[in-house]
Amino acid sequence: PVPHGTGDLLSAYLVGQLARGNSFAESLGFAVAATEHVIAASLGTLSLDLAAGLMTAARIDAFPVGHG
């Protein structure tokens with residue numbers, strides 16, 4: 001199961017990237033990649049391990065998002 005709070009985290013990343021002036025596609029790609037990263041760091045827990053997941057968030061590469 002996925003830890004509680006993943007939707008809130010995805011939304012926060014998306015809005016944060018949009019506020020920085022990134023396009024919607026770039027923002028969505030980063031938000032999904034960053035959320036996946038934090039979920040992976042939280043495996044086996046009932047809630048997100050933000051401390052573990054966010055420590056390496058600066059090294060996350062956005063997923064490519066396109067129309068197709």
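In the predicted model, Thr6 is in contact with Thr35, Ile39 and Leu48 once neighbours within four places in sequence are set aside. Thr6 belongs to helix H1. With a relative accessible area of 18%, Thr6 counts as buried, because the limit for that class is under 20%.

The overall architecture is helical. The protein contains 3 helices and 0 strands, and its elements follow the pattern α-α-α along the sequence. The C-alpha trace spans about 35 × 25 × 20 Å along the principal axes. For 68 residues, a compact globule would be expected to have a radius of gyration near 11 Å; the value for the protein is 12 Å, which agrees with that expectation. Of the 68 residues, 28% are buried. The exposed surface of the protein amounts to about 4500 Å², of which carbon and sulfur atoms supply 63%. When contacts between residues at least 6 apart in sequence are considered, 57% of them join residues at least 24 apart.

Helix H1 comprises the 14 residues from 6 to 19. At 1.5 Å a residue, H1 should span 20 Å, and this agrees with the separation of its end C-alpha atoms, which are 20 Å apart. The buried residues of H1 are Thr6, Leu9, Tyr13, Leu14 and Gln17. Viewed down the helix axis, these buried residues fall within an arc of 130°, and they therefore line one face of H1. The spacing can be related to helix geometry: an α-helix has 3.6 residues a turn, so residues three or four places apart point the same way. The buried residues of H1 pack against H2 and against helix H3, residues 50-54. On the other side of H1, Asp8, Val15 and Ala19 are exposed. Just after H1, Gly21 adopts a positive phi of about 95°.

Aromatic rings were also examined. The count comes to 1 aromatic pair, formed by Tyr13 and Phe30. The geometry of this pair is edge-to-face, with 5.6 Å from centre to centre and 85° between the planes. Because Tyr13 lies in helix H1 and Phe30 in helix H2, the pair ties together parts that are 17 residues apart in sequence. Both partners fall below the 20% limit and are therefore classed as buried: Tyr13 has a relative accessible area of 14%, and Phe30 one of 17%. Tyr13 is thus one of the buried residues of H1, the set that packs against H2 and H3.

Ala40 offers a further point of reference in helix H2, which covers residues 24-41. At 46% relative accessibility, Ala40 is classed as partly exposed, because its value lies between the 20% limit for buried residues and the 50% limit for exposed ones. Ala40 and Gly53 are separated by 13 residues in sequence, and their C-alpha atoms are 7.8 Å apart in space. Gly53 falls within the residue range of helix H3, 50-54.

Taken together, the results for H1 describe a helix with one face lined by buried residues and with exposed residues, namely Asp8, Val15 and Ala19, on the other side. The buried residues of H1 pack against H2 and H3, and the aromatic pair of Tyr13 and Phe30 ties H1 to H2.

Definitions and conventions. Residues numbered from 1 in each chain as written. Predicted model: local features only at pLDDT ≥ 70, side-chain atom pairs only at ≥ 80, totals over all residues. Heavy atoms only, no water. Helix = DSSP H or I, 4+ residues; strand = E, 2+ residues; numbered from the N terminus. Buried < 20%, exposed > 50% of the residue type's maximum accessible area, 1.4 Å probe, protein only. Expected span 1.5 Å × (residues − 1). Arc of directions from axis to C-beta. Contact = heavy atoms within 4.5 Å. Rg over C-alpha atoms; globule rule 2.2 N^0.38 Å. Areas by Shrake-Rupley, 256 points an atom, 1.4 Å probe, with all protein chains shown as cover. Phe/Tyr/Trp six-rings, centres within 6.5 Å; stacked < 30°, edge-to-face > 60°.
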